[in-house]
Amino acid sequence: MFTGIIEAVGTIEKIETSGSNINFTLTCPFTHELKIDQSLAHNGCCLTVVKTEGNKYVVTAINETLEKTNLGKWEVGTVVNLERCMKMDGRLDGHIVQGHVDKTGEVIDIENRDGSYFITMSYENDGSFVTVPQGSITVNGISLTVAKSEDNLFSVAIIPYTWEFTNMKYLKKGDKVNLEFDIIGKYIARLIKKQNVN
């Protein structure tokens with residue numbers, strides 16, 4: 001379980017293929033605190049630490065994860081948003097995030113509004129997912145508030161701090177981002193869709 005509050009960014013140092021899986025080697029400021037079998041969200045995708053060595057650690061992404069997320073587009077040097085799992089005695093500063101990416105979206109517009117940024121993203125919508133104004137959405141692991149919502153697109157406003165201390169500042173039009181929709185909204189959308197079928 002995560003909160004969508006990014007702790008730090010990491011950098012991809014090495015990418016190795018192992019059958020249909022990919023092993024990613026990264027560095028980050030808290031590598032020395034990581035343990036094998038620990039869950040760590042990378043751009044909102046929960047991956048397990050399988051190896052640590054010095055200032056580097058390794059996680060493995062299976063084919064299903066690669067197909068459903070933007071991990072398959074990572075290259076050496078890619079900057080990744082990182083969050084360790086939530087402590088049970090901590091504050092939930094963002095919202096309830098599972099670390100299970102629902103699908104990818106596409107950045108269609110980035111607008112600089114005098115220091116803050118208004119980013120609009122589109123996604124394929126089959127009725128299973130929904131966004132609402134002032135609702136929650138996770139983009140590349142970041143807990144954000146929906147500023148504007150339509151059938152298959154939404155916009156978020158990014159404050160300067162989030163822009164500076166996450167990988168948001170590297171986004172450009174056409175980029176793929178990992179999306180995890182609000183868990184409550186997903187249940188409601190599923191129930192409504194099921195009722196409409198019946």
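Okay, quick definition before anything else: two strands pair if DSSP finds at least two bridges between them. Keep in mind that what we're looking at is a predicted model.

Let's start with strand S6, residues 79–84. Five of its six residues are buried, so S6 is largely enclosed by the rest of the structure. Who pairs with it? Strand S3, residues 39–42, runs antiparallel to S6, with three bridges joining them. Ala41 has Glu83 in S6 as its bridge partner. Then there's strand S1, residues 8–18, also antiparallel to S6, and here we get four bridges. On that side, Gly10 is matched with Val80 in S6. As general background, strands of a sheet pair through backbone hydrogen bonds, either parallel or antiparallel.

Now, the barrel. Six strands close up in the order S7-S8-S11-S10-S9-S12, with antiparallel pairing. On average, neighbouring strands in this sheet are turned by 45 degrees against each other, ignoring direction. To zoom in on one pair, S10 covers residues 142–149 and S11 covers 153–158, and three bridges hold that antiparallel match. Ser149 sits opposite Phe154 in S11.

Last thing, cysteines. How many disulfides does a search of the whole structure find? Zero. Cys46 is in none, and its nearest cysteine sulfur, from Cys45, is 7.3 Å away; the cut-off is within 2.5 Å. Cys46 counts as partly exposed because its relative accessibility is 28%, and partly exposed means between 20% and 50%. Cys85 isn't in a disulfide either, with the sulfur of Cys46 the nearest at 7.9 Å. At 37% relative accessibility, Cys85 is partly exposed too.

Terms used
Residues are numbered from 1 along each chain as its sequence is written. This is a predicted model: local features need pLDDT of at least 70, side-chain atom pairs count only at pLDDT 80 or more; totals for chains, interfaces and linings use all residues. Side-chain values use heavy atoms; hydrogens and water are left out. Buried means under 20% relative accessible area, exposed over 50%, partly exposed in between (1.4 Å probe, protein chains only). Helices (H or I, at least four residues) and strands (E, at least two) are DSSP runs, numbered from the N terminus. Axes are lines fitted to C-alpha atoms, for helices over the stretch in contact, and angles run from 0 to 180 degrees between N-to-C directions.
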